[in-house]
Amino acid sequence: MNASKLDFLLRSKLPLIVFVIIASFTLTYFVSRPERDGVGYTPDQPIQFSHLLHSGQMQIDCKYCHISVDKTRYATVPSVSTCMNCHSIARKDRPQIIKLTEYYNNNIPLPWKRIHKVPEYAYFNHSVHVNKGIECSSCHGPVEQMEKVGQLNSFTMGSCLSCHREAHDRFPELKNQINKGPEYCSACHR
Amino acid sequence: MSENLEKQSLDNNPDPNYWRSFKELYNDKETIEKKFHEFEKGVTDEFDPNENLSGLSRRKFLALLGASAAFAGVACTDYRDKGEIIPYNIKPEEITLGKPNFYASTCTGCNSNCGILIKTREGRPIKIDGNPDHPVNQGKICSKGQASILNLYDPERIKSPLRKNYNVFSETDWKSVDDDIINVLTNSGSKEIALVTHKINSPTTLKLLNDFKNEYPNTKIYSYELFNDSIRNSAWLKSYGSGNFPLINWNEAEVILALESDFLGADENRIENSRLFAQSRDVDSKKFNRLYVAESGMTLTGINADYRLSIRPEHQLEFVLGLISELKKKGVVQIPLDFNVNIYDLAKKNNLDSKKVDYLINDLSAKKGKSIIYAGNSLPEDVHIAVNLLNEILGNSKLYRKDSASVDVLPISNYKDFEELVNKIKNNQVAAVIHLNSNPVYHLPEDIGYKEVLSKFENVFSLSETMSESCQISKFILPINHNFESWGDYKTRTGIISLSQPVIMPLHNSRQLESILLTWIKKDSQSYSDTIYHDYLKTNWQENIYPKYSTSISFDKFWYSALHNGFISFTENIDSNLNFNYGAVKFENIQSSNSGFTLVLKESYSLGDGRYANNGWLQELPHPVSKITWDNYAAISHSTAKSLGLKDNDLIEVQVAERKLRIPVFVQAGNTDNTVVIELGYGREYSGIVATGVGFNANKLLSKNSDYSPWIYKNVKISKIQGKYILASTQEHHSFDIPREQDLHLKRHIVVEGTVSEYLRNPAFIKDKHQIEHESVYTPFEYKEVKWGMSIDLNKCLGCGDCVVACNVENNVPVVGKDQVLKSREMQWLRIDRYYSGSPDDPKISTQPMLCQHCDLAPCENVCPVVATTHSPDGLNQMTYNRCVGTRYCSNNCPYKVRRFNFFNYRDHFRNGYQENPVFALLNNPEVTVRSRGVMEKCTFCVQRISDARSEAIRQGRKVKGSDVKTACQDACPTSAIKFGDINNPEEEFYKYRNHELGYYSLSELNIKPNVTYIAKLRNIHSEEL
Amino acid sequence: MNFNFEKIKRSKFLNYTLLTGSAILLYKKIPFLKSVSNISADKIIIKSNPLSVPRENSGEKNV
């Protein structure tokens, strides 16, 4: 190869290639992060339920609707009949409520878009965390301030483990109630 | 010209001149020509670089490739979409998502009708456990009960009524079928309406049938059971004048003699029998009974015998009378006898060990009034009468239970009644034959002619859950509800009526059998509603049962509490008039003659009378003795096989009178010579994809007349025929002939055994013989909190296999099929190993449940390249399925070989994806991962139950205790041989088993520190040496 | 090393991008999975019988 070609290669091509590689890795890392840890996912829901209104302004407790969160593994999305407890009368002329009542009366399943999901091979247990005094907002964020619920924290195994390992740092007020969370596999992976 | 060329070449050659041949040197034209072509002629003739090119250049192709890859990648769906989450519209009040509900009900797998608790999750039943309050089974249920849940979700259940047109079944609706049948019934005139059913145990169903009879006066009920205790009961009637054969207090017997009786195994009431029997084989109270078994084939009871005598069934009468004669000779009993049989002559003639006979006689004499002799259901009446006599004169009638006895709601019919039915059909005197959840075409002996006559008879209606042989010849097939979708009541004991309630609305368009009958009684197909039988049952209880039950609470409260508990119990007087009728003692033909073999037909341990043939878990449950899955076989003894030149898997033809059966042979150590033992319940046809074609239908050998008993035939001929049939066994024989392999399990300390006398003399004898403490390379981990461990008491373990099926149900273990079992790929996490020692004619059998030992220094954990298996701080060996790549190094390293690998996605692989059917998926336990291809699995000590117990403990604000957790196998074991708990807690019951003086670890010299303690089996024999 | 880079016309580039982009967006709308799922065959309705009586959930019982 002659000198001018080598010069072109080293001064122009090589930095360009290196830049392209680094740029694509960085871009992929950041673009794929939401897929990897789900942060920021805020989908539209079939009924525009507002936690800001219900949990924030009206201060309805989380457990009024998400009933089994302190009894079983699942937090559960409330059944439509829970909504109809109030909304059979309250604001029943509003279009969203009419839509809701239609679901209820015609027995159509109400397909909420799922936001927080831990993979199926990990058996997360809500009641253990709730019964130890950990607030809902520690993982789900300030839901009572969310018009539309979105995922705030990363739900990768690494983030679960980091909280388990730094439990006393993250929850200094619960220092006497909680130990470090389990780090062994079968706590979640059965 | 060539000269010129030559000259030219010589002149024009460069310096130096290289030539490869003379031809080249002299510039032969052809050779020069060849130099310009790289290849010989013909080699590249078809190669034209420009010929087969597509219009696409390489560059364009690569560009397209890249573009389509990018396209595909981007076109993937929204990767952040996590699907939907759909709540109930109206949540049923009793359901808390994630928490199971329990419903008390009754099992209808056999005629014991044990009480069960059905565990449901979100409205789906997923597990059956025994009802702890029920007095008969007290919290335990057998393997058939455990696996019966699979029958609820059977993808081959009949989903809607079927009508036969020109030999093809087509779906139809209830109204048309009901109308047609009501039409036939109302126009029956004076012709008989035959209802064929299994034994009726339900008082309300009986009342319903009586109402049916009132409506259709020519109705006749034919009930039958392939295996029944009618001979035993008729002998009792002759001996004592009234009542049924009593229940036995096995726990008070110090000597038990079982004659051709599998009371711990396939014979009925085995849950109660096992529990009571195991109560007096207790290392804690140092109470040991002695079990003598005199039988022809090796059975589960024979495995657990202290002394076993191998005797042909036709000599049993002589044997019993010999015992009586000998006892009289010794002065132990004083009664006038008109027979005198020398038992030692019998022993000599039949190669029985006379020493064992001595021991037996001495024990019976010494333990007068504290022993029991029990004859099996298949023996003829005179043997039963002789046994009743023997028990009476020894004073063993003290062991007959006076608090409870078995009752028959309706006595069963016999073969004569069926013969009459067949004749009536031939003579056109029958309007309709209705099969009520029964399968007489398969079960009845062929010489009654039932199948032939009914195949030509038009009005055959079958009410059944699945297709069967009887359904195949029917005109209408009506699907009925499974037991878990049905209401019912059952009375099989005095003082107890069990209830069954549905836990799920019918999955398919089926109806409860009794509701269908009610519609026909009302003669109106529109009168059906979901609740008609519920109302009928409730009304019957209100009118007939509640008034007799002395209580002050209202009927509704009574009804709800009965449903809640699953049963009601009350005092009912038993006719305990035990005056033996010595006039019945008249024995003819004491010596039996037999010109050939004896054929013994037994009930299958796992399939019952064949009704569970379509149940994959039960087909794959290994036979307790032979460990064969998926087939039945003809078991013959070692010497018989040698004399006939037969080996395992050879085909033979068994001939009884005119009836023949082709079946493979299995050489069973311990069987009597010249005897063939075959299990019934196999060889099903039209019964579903799992059942059809499995095994051999030995019902062909049954006859309405037998020269001995309905299940035992003499003068049988065996002949070898061409061909082999490979039987799939999960465990091979041990070779009795190779000295190196003999007693391998004892030499290698896999199983450690002793005798009662040695234990009583020196309680620490196990520790003296075996414990070797080694040092370890690893620093020991300190288990400060709960550390889980298990102990299995081999004195109580019978080897029945209930724990195996319970584990299968709890942990979603797939069925793999016979071809995979042949490759040793069965997926059961828990297995019962069975070892032989001694001689092939009189072997000693040891059984040992083997599961993951959760070793502290587990050899599997070190070698996983991806760290998919690790150890938890509470002592469990954890398996992380999503990390496993399928190296199988862990299984390679496991000395107990308890790790099972998913070579296929067995759910998709078995019988064309039978287990992938969506109905089947409802059965899965949602707390346990359903494993796919390529991952290793093993026993997890029910980690899902441990996690739930921890979660519950946290909810209650306390620490988790060892006694909070009961593993599935522990729950299921009828003798409570398995104990589980925290080894660090000295206050628990488990602690004393963990540190028991008889406790040992299997293969302890490997120093891998397993956590399953086996309590050594002690045989109650006279010597200290085994 | 080829130092002659062929230039593509701007209009051609825009055309190609537009077409590919719209093709991708339309392709994402095609419901491929619906054709292979037999939803009607899967429908089994699970309902518990309102007349049956469950046992109370005693908190101590190991589930």
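Into which domains is chain B divided? In this predicted model, chain B is split into domain 1 (2-35), domain 2 (162-228 + 409-497 + 513-569), domain 3 (230-399), domain 4 (597-729) and domain 5 (744-776 + 785-1019). Domain 2 is thus assigned from three segments and domain 5 from two. Between domain 1 of chain B and domain 4 of chain B, the C-alpha centres are separated by 89 Å.

The overall dimensions of chain B were taken along the principal axes, where its C-alpha atoms fill a box of roughly 140 × 75 × 75 Å. The secondary structure of this chain amounts to 35 helices and 40 strands. Of the 1026 residues in chain B, 52% are buried. When contacts in chain B between residues at least 6 apart in sequence are considered, 73% of them link residues at least 24 apart.

Two helix pairs of chain B were examined in detail. In one pair, helix α7 (residues 203-215) of chain B packs with helix α19 (residues 513-522) of chain B at an angle of about 25°, the axes being 10 Å apart. Because this angle is under 35 degrees, α7(B) is roughly parallel to α19(B). The crossing in which α7(B) passes α19(B) is left-handed. On the α7(B) side, the contact is formed by B:T205, B:L208, B:D211, B:F212 and B:E215, and on the α19(B) side by B:E514, B:L517, B:L518 and B:I521. By class, the residues of this contact of α7(B) with α19(B) comprise five nonpolar, one polar and three charged.

In the other pair, the axes of helix α11 (residues 316-329) of chain B and helix α14 (residues 381-393) of chain B approach within 9 Å and cross at roughly 20°. The helices α11(B) and α14(B) are therefore roughly parallel to each other, and their crossing is left-handed. Residues B:Q316, B:L317, B:V320, B:L321, B:L323 and B:I324 of α11(B) meet B:D382, B:V383, B:A386, B:V387, B:L389 and B:L390 of α14(B). This contact of α11(B) with α14(B) is made up of ten nonpolar residues, one polar and one charged.

At the level of a single residue, B:N699 is placed in the loop between β26 (675-680) and β27 (712-724) of chain B. Despite this loop position, B:N699 counts as buried because it has 24 C-beta neighbours inside 10 Å, where 20 or more suffice. Leaving aside residues up to four places away in sequence, B:N699 touches B:Y442, B:H443 and B:L680. Of these partners, B:L680 is 19 residues from B:N699 in sequence, with a C-alpha to C-alpha distance of 6.4 Å.

Chain B also forms contacts with chains A and C. The contact between chain A and chain B takes 37 residues from chain A and 33 residues from chain B. On the side of chain A that touches chain B, at least two residues each are supplied by α1 (3-37), α4 (80-87), β1 (112-113) and α6 (126-131) of chain A. The greatest contribution to this side of chain A comes from α6(A), with three residues. The residues of chain A that touch chain B divide into 16 nonpolar, twelve polar and nine charged. In the contact of chain C with chain B, 18 residues of chain C meet 35 residues of chain B. The side of chain C that touches chain B consists of eight nonpolar, six polar and four charged residues.

Methods
Residues numbered from 1 in each chain as written. Chains lettered and ligands numbered in written order. Predicted model: local features only at pLDDT ≥ 70, side-chain atom pairs only at ≥ 80, totals over all residues. Axes fitted to C-alpha atoms, helices over the stretch in contact; angles between N-to-C directions. Helix = DSSP H or I, 4+ residues; strand = E, 2+ residues; numbered from the N terminus. Parallel < 35°, antiparallel > 145°, perpendicular 65-115°, else oblique. Left-handed = near helix turned anticlockwise from the far one by under 90°. Contact = placed C-beta atoms within 7 Å. Nonpolar A, V, L, I, M, F, W, Y, C, P; charged D, E, K, R; others polar. Buried ≥ 20, exposed ≤ 12 C-beta atoms within 10 Å, placed from the backbone. Domains from an automatic or database assignment.
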